[in-house]
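Trainee: I should like to learn how to read a structural model. May we look at one together?

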Amino acid sequence: MESLSNRKKVVSDKPMTFVERLYLPAIIRGMMVTLKHMLKRRKTIKYPEEQRVFAPVYRGMHVLKRDEEGRENCTACGLCAVACPAEAITMIAEERKKGEEHLYREEKYAETYEINMLRCIFCGLCEEACPKEAIFLTDRIVPTEYERGEFIYGKDMLVEKVDQRIDITKRQGTGKRGKI
Ligand code: SF4
Ligand code: SF4
């Protein structure tokens with residue numbers, strides 16, 4: 001049958017000639033291939049010293065946003081978890097108590113909120129599903145770890161710090177979410 005790639009080679013088991021047994025021509029051919037690749041422009045970069053410029057639509061590590069008063073936007077409605085095709089999101093909801101109005105914007109908040117980064121496929125559906133503009137994907141890279149448990153990100157990793165807000169406007173462009 002004709003090969004689809006047209007790269008099929010018929011293997012021959014005929015005895016090697018004297019020149020072939022010297023292996024020199026094959027070694028020289030191999031060295032030429034190596035040399036050719038050495039002179040080519042590298043497609044790889046020396047990460048993390050060098051970093052590529054990401055596309056504006058790049059989807060990386062999530063952030064749980066706060067409002068302009070520093071309160072958590074998330075109301076633990078669970079829509080992001082339902083929308084997630086990888087079932088990477090889990091949370092436990094809690095009622096906001098009197099005196100906590102400065103911490104949580106809504107009457108209900110996520111007491112725990114976890115994303116399993118090993119399951120996440122960075123599709124952005126959680127962001128799309130969120131009615132409170134609480135969760136966004138950013139251009140941050142999820143750091144590498146040695147233990148699987150390290151990839152379960154809780155609120156300590158996801159909620160933005162009051163004094164270190166994460167700008168998502170560049171990635172979001174000029175759409176509705178770009179104004180957040
Ligand atoms: S980006 Fe996609 S896979 Fe990752 S948590 Fe959100 S919905 Fe789930
Ligand atoms: S991040 Fe948004 S969708 Fe997910 S629980 Fe919080 S408010 Fe609901």
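Trainee: Leaving aside its neighbours within four places in sequence, which residues is E95 in contact with?

Mentor: Please bear in mind that this model is predicted. Contacts between residues that are not close in sequence show how the chain is folded back on itself. Here E95 is in contact with E107 and K108, once neighbours within four places are set aside. E95 belongs to strand β2, which covers residues 89–95. The C-alpha atoms of E95 and A76 are separated by 9.8 Å, and these two residues are 19 apart along the chain.

Trainee: Is E95 buried or exposed?

Mentor: One counts the C-beta atoms around the residue; a residue with 12 or fewer within 10 Å is exposed. E95 has 11 other C-beta atoms within 10 Å, and therefore it is exposed.

Trainee: What span should helix α2 have?

Mentor: An α-helix has 3.6 residues a turn, so residues three or four places apart point the same way. Helix α2 comprises 16 residues, 24–39, and at 1.5 Å a residue it should span 22 Å. Its end C-alpha atoms are 22 Å apart, which agrees. The helix α2 is hardly covered, for the count of buried residues in it is zero.

Trainee: Which residues come nearest to ligand 1?

Mentor: Around ligand 1 there are 14 residues, and C84, C120, C123, L125 and C126 come nearest. By class, this shell has 13 nonpolar residues, one polar and no charged.

Trainee: How many residues surround ligand 2?

Mentor: Ligand 2 is surrounded by 13 residues, of which C74, C77, C80, C130 and I135 are the closest. Its shell divides into 10 nonpolar, two polar and one charged.

Key
Residues are numbered from 1 along each chain as its sequence is written. Chains are lettered from A and ligands numbered from 1 in the order in which they are written. This is a predicted model: local features need pLDDT of at least 70, side-chain atom pairs count only at pLDDT 80 or more; totals for chains, interfaces and linings use all residues. A residue is near a molecule or strand if its C-beta atom, placed from the backbone, lies within 6 Å of it. Ala, Val, Leu, Ile, Met, Phe, Trp, Tyr, Cys and Pro count as nonpolar, Asp, Glu, Lys and Arg as charged, and the others, Gly among them, as polar. Helices (H or I, at least four residues) and strands (E, at least two) are DSSP runs, numbered from the N terminus. The expected span of a helix is 1.5 Å times one less than its number of residues. A residue is buried if 20 or more other C-beta atoms lie within 10 Å of its own, exposed if 12 or fewer, and partly exposed in between; C-beta atoms are placed from the backbone. Two residues are in contact if their C-beta atoms, placed from the backbone, lie within 7 Å.
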